Amino acid sequence: MPNYLETSGLSVAEELYTFVREEALPGTGIKEQAFWAGAAELIREFSPRIRELLATRDRIQQQIDEYHRSRGTEALDPDEYEKFLRSIGYLVEEPGDFSISTDGVDPEIATVSGPQLVVPLLNARFAANAANARWGSLYDALYGTDAIDQAEGRELTSSYNPVRGAAVVAQGRQFLNDHFELANGSHADVTGYRVSDGSLVAETASGTTGLAEPDQFAGYRGSADLPEALLLRHHGLHIEIQIDRQHPIGSGDPAGVKDIVLESAITTIMDLEDSVAAVDAPDKVAGYRNWLQLMQGTLTADIEKGGQTFTRRLNEDRVYTAADGSELTLPGRSLLLIRQVGHLMTSDAVLDSAGTPVPEEILDALFTGLGSLHDLRGPNAGRNSRAGSVYVVKPKMHGPAEVAVACALLAGAEGVLGLDPRTLKIGIMDEERRTSANLKACIWEARERVAFINTGFLDRTGDEIHTSMLAGPMVRKADMRNSSWIAAYEDANVDIGLECGFGGRAQIGKGMWAAPDNMADMLVQKVAHPRAGADCAWVPSPTAATLHAIHYHEVDVDARQSELTGKRRSTLRQLLTIPVGDPADWTDEDRRNELDNNIQSTLGYIVRWVNDGVGCSKVPDLSGTALMEDRATCRISSQHVANWLMHGIVSRDDVEASLQRMAAIVDEQNSSDPGYTPMAPGFDTEAFLAARELVLEGAAQPSGYTEPVLHSRRALRKQAIPDNLTRNTL
Ligand SMILES: CC(=O)SCCNC(=O)CCNC(=O)[C@H](O)C(C)(C)COP(=O)(O)OP(=O)(O)OC[C@H]1O[C@@H](n2cnc3c(N)ncnc32)[C@H](O)[C@@H]1OP(=O)(O)O
Ligand SMILES: O=CC(=O)O
Ligand SMILES: [Mg+2]
């Protein structure tokens with residue numbers, strides 16, 4: 001139990017109380033007592049409202065379960081099913097046409113299309129790196145990943161491989177030719193770049209030339225005759241051609257080009273939700289502190305790498321001479337959003353007057369809001385949001401009533417923090433089925449402050465399984481992406497967003513690339529996101545952000561959105577089509593493979609979550625492909641096992657046997673980690689028991705969420721280890 005201090009009828013964990021008093025409040029102009037009195041009022045008002053929402057979730061789920069139970073194996077009549085969903089309030093009336101009126105939105109959200117990075121906020125090293133990922137080296141991203149294959153001498157070797165380097169340079173020149181074409185000839189033939197009369201001049205063997213579209217030239221650094229960097233712009237995104245004839249790469253390049261740097265992570269979500277393990281007051285304070293320091297611009301991380309130590313700091317803005325000779329400053333950092341927790345969880349970091357842990361989302365709204373004040377006011381204001389807004393990403397909401405309460409809570413937090421109404425913007429994660437099915441009504445509830453909608457297809461898949469748990473056995477996990485509901489969902493999200501006036505005002509986003517090492521595949525596949533009309537799509541790393549940025553040069557998202565506006569490409573009927581499979585299609589081997597795959601990823605993720613407090617991990621699957629696993633992917637895997645178990649596709653014995661087999665494999669995968677606690681042969685660690693509980697009791701988890709089990713097992717593990725070590729924060 002934390003040590004609590006009493007204030008305004010609340011019991012506040014000492015770490016949190018001290019953090020607020022000594023770090024967060026100073027400089028905001030808010031008096032401590034007024035702050036805690038406001039917090040107490042907000043908790044009094046919103047705790048019952050949130051509990052009511054959760055009770056409605058339970059009631060609706062029970063009615064859906066009963067509906068499927070009573071039908072047995074009878075085929076579902078879509079009309080009757082839809083009528084039933086309306087009768088229980090799962091579906092609500094769609095509002096008439098309207099446009100959102102959100103204002104004070106930064107261009108990175110309103111008008112610029114580009115990659116959106118996500119990062120676990122408890123990890124300061126990663127968080128600082130993510131904030132700095134606004135600009136990324138194309139040469140590094142190509143050289144260091146499978147974006148360039150390893151054939152024909154191009155292997156990634158321990159020392160620099162010039163053959164691989166040449167392939168990188170060739171691809172870089174191709175990128176320039178594709179998107180920054182010269183009036184004559186190729187960038188590959190350029191022997192020198194300079195600036196003359198506010199225009200880019202390229203020297204080639206056959207004479208001088210310039211850009212085919214001269215307006216793409218935006219500025220330069222250094223002198224006009226010998227620029228250090230040329231700044232170009234296309235589709236609202238900047239790139240730098242960096243020139244240094246003394247540099248190891250630049251010295252061998254005819255034009256002295258040492259790198260091409262791309263504006264990459266235009267926005268970044270600092271995540272307090274599914275990629276972190278934050279189970280108590282110290283964990284929560286670690287996240288709030290990192291957010292505060294990001295807003296103050298002071299976050300640092302001491303790093304040891306390759307035998308060297310250095311301190312990572314947040315980048316400064318980038319200053320250029322514009323084409324017209326004036327000074328031009330561009331942001332050096334990604335625009336940061338903050339993902340808070342959803343309505344489900346409570347936190348004992350604060351107890352209400354009855355001694356009950358309070359809804360964690362109230363704490364997130366208050367304490368990240370407090371951190372944001374340092375960006376909104378004072379001498380350093382505007383280092384994050386130049387428009388004076390805070391971007392809250394709100395996950396896991398089920399339908400419009402839940403969105404309405406989330407918006408009311410933000411309005412309440414604005415009151416406590418003395419902010420202008422609607423300073424706190426909301427991003428609605430469209431990742432629960434009841435939200436997808438009522439998306440327009442959800443947006444209506446948030447119409448004055450909504451800054452994004454986004455398809456979180458991973459949670460959405462988990463909810464697809466859980467909501468219809470009793471309808472029958474679901475198709476295999478890999479087949480989910482070919483189901484009709486998911487295509488309908490992805491299309492409807494874009495179409496409804498455009499219909500509600502998101503174009504030029506708010507983001508329409510798409511989901512995560514969950515294979516962090518498979519950049520070649522990503523380069524081929526993820527262009528589908530801007531082609532689908534998305535302003536942004538999630539990437540797991542800065543490198544992925546740089547490579548995904550290429551897609552926004554390839555696709556003109558504004559033009560694509562214009563083509564799509566005014567259409568609905570899918571129907572509610574398609575969205576509500578339940579992805580049940582036919583057991584006759586699955587051999588014994590299919591069943592075993594599916595089970596092993598889901599259990600292995602569940603165990604591989606949970607073992608680091610529970611033992612080490614690592615909320616997002618790269619876990620190799622059974623074929624050795626490294627996959628990003630977080631709570632949403634774990635929700636899918638555990639719910640899938642629970643569903644097949646419920647419908648007898650696999651037996652309880654099969655599940656128990658798979659748990660033990662896969663635990664040994666996961667132990668082996670982690671064997672090089674000296675701090676690792678194996679699960680086999682005892683099968684009694686908190687981590688193993690958490691995974692076992694999640695799959696065997698999966699049907700009973702609220703909405704199939706993994707949080708309750710993970711939190712309680714992690715808390716037990718923390719009690720059992722003396723130093724409460726959390727490797728995620730190292
Ligand atoms: C369904 C959902 O909700 S998706 C949203 C939640 N998911 C996420 O947020 C994914 C975020 N990504 C990550 O956490 C990580 O990239 C992982 C866990 C997938 C892989 O992590 P690792 O195995 O440590 O990555 P890897 O060893 O390849 O790279 C580590 C380096 O990349 C950097 N890096 C990796 N991911 C990120 C990131 N998201 N932001 C910033 N830097 C990052 C690290 O800072 C580190 O560089 P450094 O040594 O200079 O500090
Ligand atoms: O949060 C994202 C998701 O896919 O879930
Ligand atoms: Mg999610």
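User: How many helices and strands are there in the chain?

Analyst: The chain has 24 helices and 26 strands, where helices (H or I, at least four residues) and strands (E, at least two) are DSSP runs numbered from the N terminus. This is a predicted model, in which local features need pLDDT of at least 70, side-chain atom pairs count only at pLDDT 80 or more, and totals for chains, interfaces and linings use all residues. Residues are numbered from 1 along each chain as its sequence is written, while chains are lettered from A and ligands numbered from 1 in the order in which they are written.

User: Why is the chain called as compact as a globular protein of that length?

Analyst: The globule rule, 2.2 Å times the number of residues to the power 0.38, is set against a radius of gyration taken over C-alpha atoms. For 730 residues the rule gives 27 Å and the chain has 26 Å, which is close, so the chain is called as compact as such a protein.

User: What share of the residues counts as buried?

Analyst: Of the 730 residues, 52% are buried, a word that requires 20 or more other C-beta atoms, placed from the backbone, within 10 Å of the residue's own.

User: What does I606 touch, leaving out residues up to four places away in sequence?

Analyst: I606 touches C634, A687, A690, A691 and L710; contact requires C-beta atoms, placed from the backbone, within 7 Å.

User: Which helix gives the most to the shell around ligand 2?

Analyst: Helix α13, residues 457–467, does so with three residues. Among the residues around ligand 2 are F457, L458 and D459, each having its C-beta atom, placed from the backbone, within 6 Å of the ligand.

Key:
A residue is buried if 20 or more other C-beta atoms lie within 10 Å of its own, exposed if 12 or fewer, and partly exposed in between; C-beta atoms are placed from the backbone. Two residues are in contact if their C-beta atoms, placed from the backbone, lie within 7 Å.
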